[in-house]
Each structure stands twice: as structure tokens, then as C-alpha cells.
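Work through these exercises with the sequence and the 3D view side by side. Try each task before you read its solution.

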Amino acid sequence: MSNVVRAGLVQQRWTGDKESMIANAVEAIRTAASRGAQVVCLQELFYGPYFCQVQDADYYSYTEGIPDGPTTELMCRVAEQHGVVLVVPMYEEEQPGVYYNTAAVIDADGTYLGKHRKNHIPQVKGFWEKFYFRPGNLGYPVFDTAVGKVGVYICYERHFPEGWRMLGLNGARIVFNPSATSRGLSEYLWRLEQTSAAVANEYFVGTINRVGVEPLGDNDFYGQSYFADPRGQLVGEAASDTEEEVVVRDLDMDLLAEVRDLWAFYRDRRPDTYEGLVRP
């Protein structure tokens, strides 16, 4: 396995309908693959608007089965066609009335590997997610892909350090954080939390945001998708804060051993002293 993984992030603007969003994403994956990307992640709930700005049961219609839904099946074909690992965030229906905010992970040969269901669900103004999603019940899986071990942590989850650490303990080398995050209260945290998670857990983080103001509300999604290395430094520049963009960066996996040998955070953990963290 090469010590460098070329990885991509797809930052999109709402086009107005599901079909064109999917077509836009497929084209963006093709673009990333043409630039040598070996793994590509899409944004949170990639084929829809961020409908959690309102509470409206009509948006339950955006759900699909995973992996037996049409978009997962399409993305398996796209992954195989381009030879890329894909992380595909969608609105999942497990059964009628039981819905999750989920990301499917597909290997470079088109094999569906599994999914992460968002565990931490916000319910605050403009982010009414408990109306739409049950909390995840699959823990913090890490997927053994053609580019190594990949984890997923979705949007609001980035505020919770415990899940970041679980992904590291489960062996993640790259963790993708697909998001829908708007200007205002949390914007100054955008380059703080994910870079800090990369440092604390000694892996690469790829964090994705959408762009634009959508018809459902006044949330102004500010893009700025980027990769951070295990030293907490950005790999290249962050994406535009207003325009669609396909970000492709080289991630030097030799940094993982270098940083872990230098700082030895995993060696020096004291789980025997952390009992209070898991008390209700």
C-alpha cells in the first residue's frame, strides 16, 4: 500500500431537486477520480436540501434503504467504475417510521462495506434533527478499505470528543466529517474542533460543508471544506466559503507513525481513571 493516499471532498450547493444533486455529485466524483483521488467523501445528506431547518414530515420522502436503496446501488457502480472508495451520507429508512442520518461506505471495487449512523442528534433552532432522525445504534465502526481504515463522524458529532477517540481506538487512519454548518455561532469552531481532533487522536480528518443559502431557511452554509493532518495543520488550503468545489489532497500516512511515536497519546491513556465519563 502506498504511504500517500490521495483523498477528495465534494462541497456542493443545493440545486433544487434530488436528481440533479445526485448527478452533480457523480460528476464531482468523476472529477476527483480524474485528479487521482482514491477516496472521496460527499457532504451530509448530500442529495437533498438541509431540510432540518424546518419540521415538516414531507421530507421523510427523502429516505432510502441502505444498502438496498437506489442511491447506494448507483454509488456502488460509480465506485467500481472509477476505482475509488466512497463515503456517501444519506437519509436512511430502516423501516417505515424509523429513520437515521447515515453514511454508507463503499470500497473501490464497488463493494458495500457498511454504514455509520449519526449518534449525536441536535435539536436547536435551524437544526431540528430529532424530528427526522433516531440516534444511531451502530457505535463507531471503522471500515477496512482499499486506502486503509476509514471512519465517519457526522456534523454535530464533532462537538463530542468521545466518538473521535473511539474511532481512533478502532484503528481509523482517516476520519471523514460530512457536515451542514452555517455562519454564526459555530463558525469560529470550524478550524478549531476538527484540527484539534486530528491532534488528540493522531489521524487525518477530512471535513466537508455545503455552501449557499437554501429556500427552507436563512442558514448560510459557508463551505471551507478541508483536510487536517495529525499535527493539526491544514493539508493545502481550505475550500471556498461561497462556491462549489472538489478538494483533492495528498495525505502522507507516514505522519501517523511519526506523530504517534513522538507524542504517544495512545500509550499514555489512563482508561482506568475515566469511569466517570460513562456514567449517565
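**Exercise 1. Salt bridges.** How many salt bridges does the structure hold?

Solution. The structure holds 16 salt bridges. A salt bridge here is a side-chain nitrogen of Lys or Arg within 4 Å of a carboxyl oxygen of Asp or Glu. This is a predicted model: local features need pLDDT of at least 70, side-chain atom pairs count only at pLDDT 80 or more, and totals for chains, interfaces and linings use all residues. Residues are numbered from 1 along each chain as its sequence is written, and side-chain values use heavy atoms, with hydrogens and water left out.

**Exercise 2. A pair within a helix.** What separates Arg30 and Glu27 along helix α1?

Solution.
- Step 1: Find the pair. Arg30 and Glu27 form a salt bridge, with the closest N and O atoms 2.7 Å apart.
- Step 2: Place both in the chain. They are three residues apart in helix α1 (residues 18-34), so about one helical turn separates them. Helices (H or I, at least four residues) and strands (E, at least two) are DSSP runs, numbered from the N terminus.
- Step 3: Check accessibility. Buried means under 20% relative accessible area, exposed over 50%, and partly exposed in between (1.4 Å probe, protein chains only). Arg30 is partly exposed at 37%. Glu27 is partly exposed at 39%.

**Exercise 3. Pairs across the sequence.** Which parts does the salt bridge of Glu44 and Lys118 tie together?

Solution.
- Step 1: The side chains of Glu44 and Lys118 meet at 3.0 Å, N to O.
- Step 2: Glu44 is in the loop between β2 (39-41) and α2 (70-82), and Lys118 is in the loop between β5 and β6 (123-124), so the bridge ties together parts 74 residues apart in sequence.
- Step 3: Both Glu44 and Lys118 are buried.
- Step 4: Now take Arg117 and Glu94, whose side chains meet in a salt bridge at 3.4 Å, N to O. Arg117 is in strand β5 and Glu94 in strand β3 (residues 85-95), so this pair ties together parts 23 residues apart in sequence.
- Step 5: Arg117 is buried at 3% relative accessibility, whereas Glu94 is partly exposed at 40%.
- Step 6: Widen the view. A network of salt bridges links Glu92, Glu94, Lys115 and Arg117.

**Exercise 4. The open sheet.** In what order do the six strands of the open sheet lie?

Solution.
- Step 1: The order is β5-β4-β3-β2-β1-β15, with mixed pairing. Two strands pair if DSSP finds at least two bridges between them.
- Step 2: Find the edges. β5 and β15 (245-252) each pair on one side only.
- Step 3: Compare two pairings. β2 and β3 run parallel, joined by three bridges; Val39 has Val85 in β3 as its bridge partner. β4 (residues 98-106) and β5 (residues 112-117) are antiparallel, with five bridges. There, Ala103 is bridged to His116 in β5.
- Step 4: Look at the hairpin of β4 and β5. Five residues lie between the strands, and Gly110 has a positive phi near 90°.

**Exercise 5. The core and β10.** Are the residues of strand β10 buried or exposed?

Solution.
- Step 1: In β10 (residues 174-178), five of five residues are buried.
- Step 2: Sort the directions. Ile174, Phe176 and Pro178 point one way, and Val175 and Asn177 the other.
- Step 3: Find the neighbour. Strand β9 (residues 148-152) pairs with β10 in the parallel sense over three bridges, and Val152 has Phe176 as its bridge partner.
- Step 4: Follow Phe176 into the largest nonpolar core, which has 43 residues; Phe176 is among those with the most contacts inside it, as are Val87 and Leu251. A nonpolar core is a set of buried Ala, Val, Leu, Ile, Met, Phe, Trp, Tyr and Cys residues joined through side-chain atoms within 4.5 Å.
- Step 5: Note the other core. A second, separate core of 40 residues includes Ala32 and Met90.

**Exercise 6. Backbone exceptions.** Where is Glu202 placed?

Solution.
- Step 1: Recall the rule. Most residues other than glycine have a negative phi, and most peptide bonds are trans.
- Step 2: Glu202 has a positive phi, near 60°. Its place is the loop between α4 (190-201) and β11 (204-208). Glu202 is buried, at 0% relative accessible area.
- Step 3: Ile66 and Pro67 are joined by a cis peptide bond, with omega about 20°. Pro67 is in the loop between β2 and α2.
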